Amino acid sequence: MGFPECRPRRLRRNETIRRMVRETRLSVDDLVYPLFAIAGKGIRREVPSMPGVFNLSVENLVKEAREAARLGIPAVLLFGIPARKDPLGKDAYSDRGIVQTAVRAIKDAVPDLIVITDVCLCEYTSHGHCGVLKGREVDNDATLELLAASAVSHARAGADVVAPSDMMDGRVGVIRMALDAEGGQGVSILSYAAKYAGAFYGPFREAAGSAPSFGDRRSYQMDPPNVREAMREVALDISEGADIVMVKPALSYLDVVCRVRDAFDVPVAAYSVSGEYAMVKAASKLGWIDGDRAMMEILVSIRRAGADLIVTYAAKDAARALGR
Ligand code: PBG
């Protein structure tokens, strides 16, 4: 059957009918809101390349977390910017570290909000790499124990979920074993399983002061043209105990999200990263696109590709737009 019996436009005639046949729904339940905790007091500093995103000292961070919970956002993802960085990234696994302090404060104030912590060394190391160095190279196996110590320390502070983003081989298994050995059986692992080395993390690195001081991250993060390799990474992380797997970035990797969704049964997350957010904000500021609509279209496209969860800096705006 074809035209004139078939007229696809019939089901697009008005918003009510479009609403009835809509195939994909974005819900506030899908959103994870990233927050940057910075050491110090009274700090609420906007990140220049990310309008609406702030470095927040703990008391301001708690306010922001409360606001997110009030809007119905179920989870925050915490990053830490420590007072001091050193070659071994010690603040990352100190019980008095910035993230640990932030987790305790949020869990105290908003106990039902799920707190996910980013587990990586790059925000804490003086050289900005995601692991410890041996010469000019990142030493995979020496990094594992520091990542495990970070995860355990986050769990002790009250984190519900730990999210390793370093891309060292074997880290999910080592973290799972360390958590279990320390009574953290109930703490979930959201692994950044397929995390690509690319140009979309620039604004984040400005926010976290975590740009590598030499070289780049291509010896540990994935090569953008590869997708079979992503499937392998995901399979490995699941076999090591990942509860949720993430693809990052989202927008340029929707094919990866789709393939991962089809091939695996664990929940899939996608990270709409800082560069994606900044592009929309910048074009919107120039009056070149309708930023609010573009953002919602991007978020629903990530859902349509198959992501269950979306990490997005626009979570509060999206929650407001979704709340009727
Ligand atoms: C830490 C980490 C990064 C991001 C999340 N975790 C930065 C990086 O890999 O350089 C990027 C998030 C974003 O760009 O929004 N390794």
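Exposed means over 50% relative accessible area, buried means under 20%, and partly exposed covers what falls in between. Keep that handy for the exercises below, and keep in mind that the model is predicted.

**Exercise 1. Work out where the two partners of the Arg156–Glu182 salt bridge sit, and whether each is buried or exposed.**

Step 1. Start with the contact itself: the side chains of Arg156 and Glu182 form a salt bridge, 3.9 Å from N to O. The cut-off for such a pair is 4 Å, so this one counts.

Step 2. Now place the residues. Arg156 belongs to helix H4 (residues 140-157), while Glu182 is in the loop between helix H5 (171-181) and strand S9 (188-195). The two are 26 residues apart, so the bridge links distant parts of the chain.

Step 3. Check the accessibility. Glu182 comes out at 54%, so it is exposed. Arg156, at 53%, is exposed as well.

**Exercise 2. Take the Lys134–Asp139 salt bridge and classify each partner as buried or exposed.**

Step 1. The closest N and O atoms of Lys134 and Asp139 are 3.7 Å apart.

Step 2. Lys134 has a relative accessible area of 58%, so call it exposed.

Step 3. Asp139 has 19%, and the limit for buried is under 20%. Asp139 is therefore buried.

**Exercise 3. Find which residues are linked in a salt-bridge network with Lys281.**

Step 1. Begin with one pair: Lys281 and Asp317 meet in a salt bridge at 3.9 Å, N to O. Lys281 is in helix H9 (residues 274-285) and Asp317 in helix H11 (residues 315-322), with their positions 36 residues apart in the count.

Step 2. Look at exposure. Lys281 has 23% and so is partly exposed; Asp317, at 37%, is partly exposed too.

Step 3. Widen the view. The network joins Glu67, Arg70, Lys281, Asp317 and Arg320. For scale, the structure holds 19 salt bridges.

**Exercise 4. Describe the surroundings of the ligand, starting from the cavity and ending with polar contacts.**

Step 1. The ligand sits in the largest cavity. S9 and helix H6 (202-208) are the elements that give two or more residues to the shell around it.

Step 2. There are 20 residues around the ligand, and those that come nearest are Lys195, Arg205, Lys248, Ser274 and Tyr313.

Step 3. Go through the polar contacts. The side chain of Lys195 has an N or O atom 2.8 Å from a ligand oxygen, and for the side chain of Gln221 the corresponding distance to a ligand oxygen is 2.9 Å. Lys248 brings a polar side-chain atom to 3.4 Å from a ligand nitrogen.

Step 4. Finish with coverage: on its own the ligand has 400 Å² of accessible area, and the protein covers 100% of that.

**Exercise 5. Hunt down the unusual backbone geometry at Pro4, Pro249 and Met167.**

Step 1. Recall the background: most peptide bonds are trans, and most residues other than glycine have a negative phi.

Step 2. Check the prolines. The bond from Phe3 to Pro4 is cis, with omega near 10°, and Pro4 is in the segment before helix H1 (15-21). The bond from Lys248 to Pro249 is cis too, with omega near -5°. Pro249 is in the loop between strand S10 (244-248) and helix H8 (254-263).

Step 3. Turn to Met167. This residue isn't a glycine, yet its phi is positive, about 70°. Met167 is in the loop between strand S8 (161-164) and H5, and with a relative accessible area of 4% it is buried.

How values were computed. Residues numbered from 1 in each chain as written. Predicted model: local features only at pLDDT ≥ 70, side-chain atom pairs only at ≥ 80, totals over all residues. Heavy atoms only, no water. Buried < 20%, exposed > 50% of the residue type's maximum accessible area, 1.4 Å probe, protein only. Helix = DSSP H or I, 4+ residues; strand = E, 2+ residues; numbered from the N terminus. Near = heavy atom within 4 Å. Polar contact = N/O pair within 3.5 Å; in protein donor to acceptor, adjacent residues only side chain to side chain. Areas by Shrake-Rupley, 256 points an atom, 1.4 Å probe, with all protein chains shown as cover. 1 Å grid on protein atoms, 1.4 Å probe; cavity = no way out; pocket = protein on both sides within 12 Å on 5 of 7 lines; lining within 4 Å. Sits in = over half its atoms within 2 Å of the grid points.
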